[in-house]
Amino acid sequence: MKSKLNGKFISLCALFTALSVMGAAIKVPAVVASVALDAFPALLAAALLGGGAGALVGALGHLISALLGGFPLGPMHFLIAGEMAVLVWLFGVVYKKKHKLLAGGLFVLGNSFAAPFPFIFLVSKAFYIAMVPSLLIGSILNTVVALAAIPRLAAFVSHGFTKEAVKR
């Protein structure tokens, strides 16, 4: 059995993580400064490389986004990174089964309403209510960008940067 951890796979994971860092700098106005366009590279990685790779990029992307925002929720960002990893993994699994819109919808709903739910108990109900609109906007933006880019990048990821892939 051939290992997935080859140079191309690792390089693509690093590339998507770097894109996540760049996306983390594009903030969505929110109560907490870690809502950003850092998730779409993780969604790309999940669809193109698999759920595990996407989960890793999603967790790292959130932690870097939180770091750039000053870690306003402190260690609770590790919980959020875990939630992001699970949501991105789920997106990748559902997307690979050819249910693209369902995958996007699950990510948006999960990231907007389910992921912040523990913060009702950890912070307050008011915090949850204040975060949902920004998370919804950020989730929709991240998902739309990812769903638009995935088919365009699929040829490059699967075949490399060959003349045939560039023509597609």
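**Loops, a patch and a cavity**

Trainee: Where does Ala 115 lie?
Mentor: Keep in mind that we're looking at a predicted model. H5 covers 100-114 and H6 covers 119-122. Ala 115 therefore sits in the loop between H5 and H6.

Trainee: Is Ala 115 buried or exposed?
Mentor: Look at the relative accessible area, which is 10% for Ala 115. The cut-off for buried is under 20%. Because its 10% falls in that range, Ala 115 is buried.

Trainee: What distance separates the C-alpha atoms of Ala 115 and Leu 79?
Mentor: Along the chain, Ala 115 and Leu 79 are 36 residues apart. In space, their C-alpha atoms are separated by 9.2 Å.

Trainee: Pro 118 is in that loop too. How does Pro 118 count, in terms of accessibility?
Mentor: Pro 118 is found in the loop between H5 and H6, as you say. Its relative accessibility is 24%, and the partly exposed class runs between 20% and 50%. So Pro 118 counts as partly exposed.

Trainee: How many residues apart along the chain are Pro 118 and Ile 80?
Mentor: Their C-alpha atoms are separated by 9.7 Å. Ile 80 also turns up among the residues nearest the centre of the largest cavity. Along the chain, the gap between Pro 118 and Ile 80 is 38 residues.

Trainee: How many cavities of 30 Å³ or more does the structure hold?
Mentor: Rolling a probe the size of a water molecule over the atoms shows where empty space is left. For this structure, the number of cavities of 30 Å³ or more is 1.

Trainee: And how much space lies in the largest cavity?
Mentor: The lining comes to 21 residues, with Val 35, His 62, Ile 80, Asn 111 and Leu 135 lying nearest the centre. The space in the largest cavity is about 280 Å³.

Trainee: Which element gives the most to the lining of the largest cavity?
Mentor: Two elements give two or more residues to that lining, H4 and H7 (125-159). The top contribution is 6 residues, and it comes from H7.

Trainee: How many residues of that lining are charged?
Mentor: Start with the 13 nonpolar residues, then the 6 polar ones. What remains in the lining of the largest cavity is charged, and the count is 2.

Trainee: Over on the surface, which residues form the nonpolar patch?
Mentor: H4 (76-96) and H5 (100-114) each supply at least two residues of it. Together the patch residues have about 350 Å² of accessible area. The residues are Trp 89, Leu 90, Leu 102 and Leu 106.

Trainee: What is the relative accessibility of Leu 90?
Mentor: Leu 90 lies in helix H4. Patch residues need over 30% relative accessible area. Leu 90 counts as partly exposed because its relative accessibility is 32%.

Trainee: Which class does Glu 83, at 16% relative accessibility, fall into?
Mentor: Glu 83 is another residue in helix H4. Since the buried class covers anything under 20%, Glu 83 at 16% counts as buried.

Trainee: Back to H5 for a second. How far apart in space are Val 108 and Ile 137, C-alpha to C-alpha?
Mentor: Val 108 is found in helix H5 and counts as buried at 13% relative accessibility. In sequence, Val 108 and Ile 137 are 29 residues apart. In space, C-alpha to C-alpha, the distance is 9.0 Å.

Trainee: What's the phi of Phe 71?
Mentor: Phe 71 sits in the loop between H3 (51-68) and H4, and it is partly exposed with a relative accessible area of 25%. It isn't a glycine, yet its phi is positive, at about 45°.

Trainee: And what's the phi of Lys 98?
Mentor: Lys 98 is found in the loop between H4 and H5. With a relative accessible area of 68%, Lys 98 is exposed. Although it is not a glycine, its phi is positive too, at about 70°.

Methods: Residues are numbered from 1 along each chain as its sequence is written. This is a predicted model: local features need pLDDT of at least 70, side-chain atom pairs count only at pLDDT 80 or more; totals for chains, interfaces and linings use all residues. Side-chain values use heavy atoms; hydrogens and water are left out. Patches are made of residues with over 30% relative accessible area and no salt bridge: like charges are joined within 9 Å, nonpolar side chains (Val, Leu, Ile, Met, Phe, Trp, Tyr) within 5 Å. Accessible areas come from the Shrake-Rupley method with a 1.4 Å probe; for residues, only the protein chains shown count as cover. A salt bridge is a side-chain nitrogen of Lys or Arg within 4 Å of a carboxyl oxygen of Asp or Glu. Helices (H or I, at least four residues) and strands (E, at least two) are DSSP runs, numbered from the N terminus. Buried means under 20% relative accessible area, exposed over 50%, partly exposed in between (1.4 Å probe, protein chains only). On a 1 Å grid over the protein atoms alone, a cavity is a set of points where a 1.4 Å probe fits but cannot get out, and a pocket is an open set with protein on both sides within 12 Å along at least five of seven lines; lining residues have an atom within 4 Å of a point. Grid points are joined across faces, edges and corners, and a volume is the space filled by probe spheres set on the points. Ala, Val, Leu, Ile, Met, Phe, Trp, Tyr, Cys and Pro count as nonpolar, Asp, Glu, Lys and Arg as charged, and the others, Gly among them, as polar.
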